[in-house]
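Good morning, colleagues. Please have the sequence and the structure open while I speak.

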Amino acid sequence: MSFFDTHLLNVVIYLPLVFAALVLMLPSTEHGQVRAITFVGMLLDLAFGVWAYFRFEPSGAEFQMEYRVPWFQQFGMSYHLGLDGLAASLLLLTVFLGPLVVLASTTYISHRIKEFHLALLVLQTTMLGALASMDVLLFYIFFEAMLIPMYLLVGVWGAEDRRMAAVKFFLYTLVGSLLMLVAIVAVYFVSGAPGVRSFDYGTLYNNLLAANQQLAACTNGPEGACASLTGLAATLHTYGPWMFAAFALAFAIKVPMWPVHTWLPDAHVQAPVAGSMILAGVMLKMGTYGFWRFAIPLFPVAAQAARPFLAVLAVIGIVYGALMCLAQRDIKKLIAYSSVSHLGYCMLGLLAVTSEGATGSAYQMLNHGISTGALFLLFGFLYERRHTRLMSDYGGIAKVMPVFTAAFVIITFSSVAVPGTNGFIGEFLVLMGTFKSTLPLGFGAFATLGVILGAAYMLWMVQKVFFGGITHRENQHLRDMNLREMLTTAPFIVLVAVMGLMPQPFLERIAPSTERYVARASVGAPGATQAKDDQLRVEVMSLPSTAAAARPSVPAAPLAVRE
Amino acid sequence: MDGIVEFFRTAPIPPEVFAPSLGLIILLPLLGAFVCGVFGKWLGRANVHLVACSAIAGAFVLSLMAFWATSDAAGGRVVSMPNAFGLERDVVRYAISYDYGTWFAAGDFRVNFGLLVDHLSGILLLVITGIGFLIHLYSTSYMEHDDGYWRFFAYLNLFVAAMLTLVMADNLVLLFVGWEGVGMASYLLIGFWYTDSAKAWAGRKAFVTNRIGDFAFLIATFLLILTVNAFSQQADPRDYNSAGSSRARYTQGLLEKGPVTFKGLEKMALALPEGTGGAVSLATPIEAGPLAGYTFGGVMTATMLLFLLGAAGKSAQLPLYVWLPDAMAGPTPVSALIHAATMVTAGVYLFCRMSSLLVLSPTAMATIAVVGALTSLLAALIAFAQDDIKKVLAYSTVSQLGIMFMGVGMGVFWAAALHLLTHACFKACLFLGAGSVMHGNGDETDIKKLGGLYKEMKWTHATFLVSTLAITGIIPLSGFFSKDAIFHGVHHNHLHDLHWVSGFVYAMGLLITACTAFYMSRVYLLTFTGKRSPEAKVAHAHESSWFMTLPLVVLAFLSVVTLVYALPLMPRSGGGMQPVFENFLSPVLRPAEAVARAAQTVALDHSTPAFVDYLIAWLVALSGGATAAFLYLKFFPAQVGKPVPAFARAVRRTAHNKFYVDELYEFILIRPVKFVAFILFRVVDALVIDTVLVRGTAYVTEKVGLGLRRLQTGDAQAYAAIMALAILGGAVYALLQVLS
């Protein structure tokens, strides 16, 4: 029983914060040291994150590497961390992007360098914390805390219109998440009698489960059968849809789903390269992750009722996002709208509620982090050289920047999901899951349209930027990528191929989570074969006794032992 | 004689030893692509040539071994592989396969890296690597002045790897990897000279048009997966029995190999016909799942029609053929390899591979045949008026592919595959010949500005003449036999309830033969005979080096000798003789014939063409060639200087402008999509959502705040007054309540 058995997740989450403290102590004129320390911190965090990912045992318990101590017990809170397959995968994505983001910003950021890196490190901690939180309120705290460093990244180091974009981003997301807070508190109050109430995810879910099952039985039963419900089921019948709506709105804004997506293009366009990479790579996934973890399993009946509506929004997002791309002149805006389209696939896969769809959705979350992250990264290099985002200011630069062009084209193929790249696996599984699901065939068919439009807009952009003759004198002497830039890009390209040709190691870790997600989401579905109870119930470690908890800093043995 | 047969029927490497190396056939070109692409710049020209050519040569040798292994009958035991979906004793003869394990799996879906080589994919392996090697060799000379040589060879190797994946895949998803992979390589190669904007656009047009086809391909794949699910739920033992399988084995196969494996689909096809008894037939409605309510036959027709759209994208058929002529922007060896010999025939290959499913749906078959016939005629007509030598050949390719589709649609799969093979030889020869002409004439492509090359480019001329005769269908060249085999089959096969199709398609076929002869003779005559045009770029053409002429000679030779395949030399099982190629492909196509017999959807005819059939076809071809000869040698030269009638000018202009199909698509498809995108962005996104709703909310909040601010004046008297008024109001209200 070593320290890491119990504290590995804590280490992964707070290591960036520790390094932030180190950075804080450095004088702000020491740019090199600030960068180096941040980079080392991120690398170290990557190492621990990878370790955590490999420690995750696909055939083991649902939540692993748990850590739980009492915290604000009066509120029914506890400090509870744990990872399931999806969270582990997204955690891996987050720690993977960390060091690359620092490398990408080396020359891009030229003022307030210390503060910038502080923001990056704090942001990393909040994102990792949100992914590993097993307590709903703790999740909410991290979820909200994420906004602050990101607000600063956009607002301080952004482009010309940064203030507007930052405020828009902040308020937009805040509206949703405040409503979610109300819903969280409401769920807390309805889920149990005074004294046994808890914000813990496992407790909350298990408390609601029986009521949800009753409710599902009567909703799918004869007309008016729900009138005789009592207790929690009756409460959920009346207020469940509202609580679901609050959760769904918060996460839908984060995803972002059509029509609450308009903060995204502005935020992406104005954000510095690091901000765009993290925003696209990780923060958008918090929305889909929230649907997967909270909104749909906690309110399966309401989710079932809203499913056609949400699926329509997802399909609209896919097609609409792609059409928006065709109307853009600004490259960053185009990539931002392509995110709307790609995240539409993630949502559709989730809403299909089939194992193929959900697996594809989870994989697509990772893919989008890789391919869109890389697109923003690469465009960042270009922006540093020319300081313009308009396609018409480029043209023919393949001649002067061949290596850069090759990298960009490879990532483009990943983004349009050419088989053999990672994008294909996700998109294929999502579409197949949609066809297999109980959604009408039209959903799948319309979503497949994205395959055509995706190629159309991405190749159009590539054509405009890279091919043809050089039309601007300024572009004649652009230098190609230097070593640092190549090293930053290389991991993405390697992952594109590895995740495209050997997806199984990644999928294996996602698989147990998908099965449980599908079982939990189908609680509300009519005629669904009732899954076994062990698939449905959330098994988490219980709160250690007060005696042990009095000394939380000492990793006493019982803390980590599953009871 | 027995010794020779024995030699050919004993593979040098025993099949079971060779099978695990099948993956090498793909990996070698892939490795070549990697080395050339990443290190090519430092390796230098000669080394890149060596790496690229030897990768393909190695793949060719391995393909030869694989091909040989599929015909192995050492010790009287024919090579066979176990069929994962059939009973234990049910083996697939004349095939080898190897499964490299799972690619990805989710839920009950799974895809394996499974490779399969049987006679159909074996012969295609030889075509791809053989012709591929010749074209690589040719390219070393053709691209000798280009700085991007390493990129070129990397792309070319990548293409070969993708194409090999396409034909060796034992399931639809892996096939799709090759299917899109060749599209990607084609995109890169068409836009190879990217500094020319038009060429890069042509690449994008090809990719996006192909994507439209892939969209249909994907949906068709999903429908097939759903059908397999429904089938495995509803089938009873009799169904499995009729397919030579059992529920246990079939389920086991699905579990191990996934639902889209060709062998598994074949078993389903065998069980579906009416005559086999059992719970499932074409008319049975699907009970559960997303397809509930539709019949198996109906879904199969829809699936096959979607595959037709997919194949139309890749194989340049109506309505998606428009990318192929533009694809001629790529270097000429690319046009020869990708846009004539291999990639564009992928659609034909797909339907041959899935022949057993296709014959379940006469409607889909008829559609394929008619689409093929219409495309073929349209392309031939456009080819009449094209002056660019590569454009003529491109339209000719579209037209020939249409002929193959006619064959596939009418159930003469073997003849379609044979035409694929012979077409690969003579069309590659024609394209490379065209490339040689361009190379020797300062990149001139306008046939009106060439002429009289027969003296200056002897080898090019001779090989071009041979392949022109082959494509026009002059006895005794291969094109004549393969084309005639298709037309004969088309004429004598009959689709259930759609008998008119045979006659219609056959008549179209004869018309197309005449047209082909006409435009090919025109190209040949204008390019090689007569006097050298005064507008020529260079005064004297020079013959190309042997790197370029050797492939031409080999290909011309091949376009003659492949005729052997069409000769009825092999004994038919029921007595009589059958063409070599039909016999050769019979292990692959036997399930399709069994399905067709049981389902009675298409009556397959196995007669060999009579002398009269040959004579008709030959006369038709001759008449076309003769017309061209008369017009271009006698009539037009005599008309020089005289005014051309307006009618003739209009016809020529229309045909020259490709019947304005591109403009039509631009008008009805591309512009509307762009317009809708623009309107959505400006009106819905920017105005309605962002300005009215989002900023509107902010605006309203701000205004409300501003309004409320006025209330907080800080004036104590005003506050007191309001308080007093409020209390008064309350008192009045209370009084009223009490009084009433």
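I shall discuss the contact between the chains, then the nonpolar core, one strand residue, and the annotated domains.

This is a predicted model, in which local features need pLDDT of at least 70, side-chain atom pairs count only at pLDDT 80 or more, and totals for chains, interfaces and linings use all residues. Residues are numbered from 1 along each chain as its sequence is written, while chains are lettered from A and ligands numbered from 1 in the order in which they are written.

Let me begin with the contact between the chains. Chain A contributes 44 residues and chain B contributes 40; two residues count as in contact if their C-beta atoms, placed from the backbone, lie within 7 Å. On the side of chain B that touches chain A, two or more residues come from each of β3 (95–106), α7 (172–190), α8 (197–234) and α28 (661–709). Helices here are DSSP runs of H or I of at least four residues, and strands are runs of E of at least two, numbered from the N terminus. The most is given by α8(B), with 15 residues. By type, this side of chain B has 27 nonpolar, six polar and seven charged residues. Nonpolar means Ala, Val, Leu, Ile, Met, Phe, Trp, Tyr, Cys and Pro; charged means Asp, Glu, Lys and Arg; the others, Gly among them, are polar.

I turn to the interior. The largest nonpolar core, a set of buried Ala, Val, Leu, Ile, Met, Phe, Trp, Tyr and Cys residues joined through C-beta atoms within 7 Å, has 474 residues. Its largest share, 20 residues, comes from α8(B). A:Leu91 and B:Ala428 have the most contacts inside this core. Leaving aside residues up to four places away in sequence, B:Ala428 touches six residues of chain B, including B:Ile131, B:Ala336 and B:Leu555.

Is B:Val117, in strand β4 (residues 109–118) of chain B, buried or exposed? B:Val117 is buried, because 29 other C-beta atoms lie within 10 Å; the cut-offs are 20 or more for buried, 12 or fewer for exposed, and partly exposed in between, with C-beta atoms placed from the backbone. Among the residues that B:Val117 touches are B:Leu22, B:Thr70 and B:Met168.

Finally, the domains. An automatic or database assignment gives chain B domain 1 (378–656) and domain 2 (668–739), with C-alpha centres 75 Å apart.
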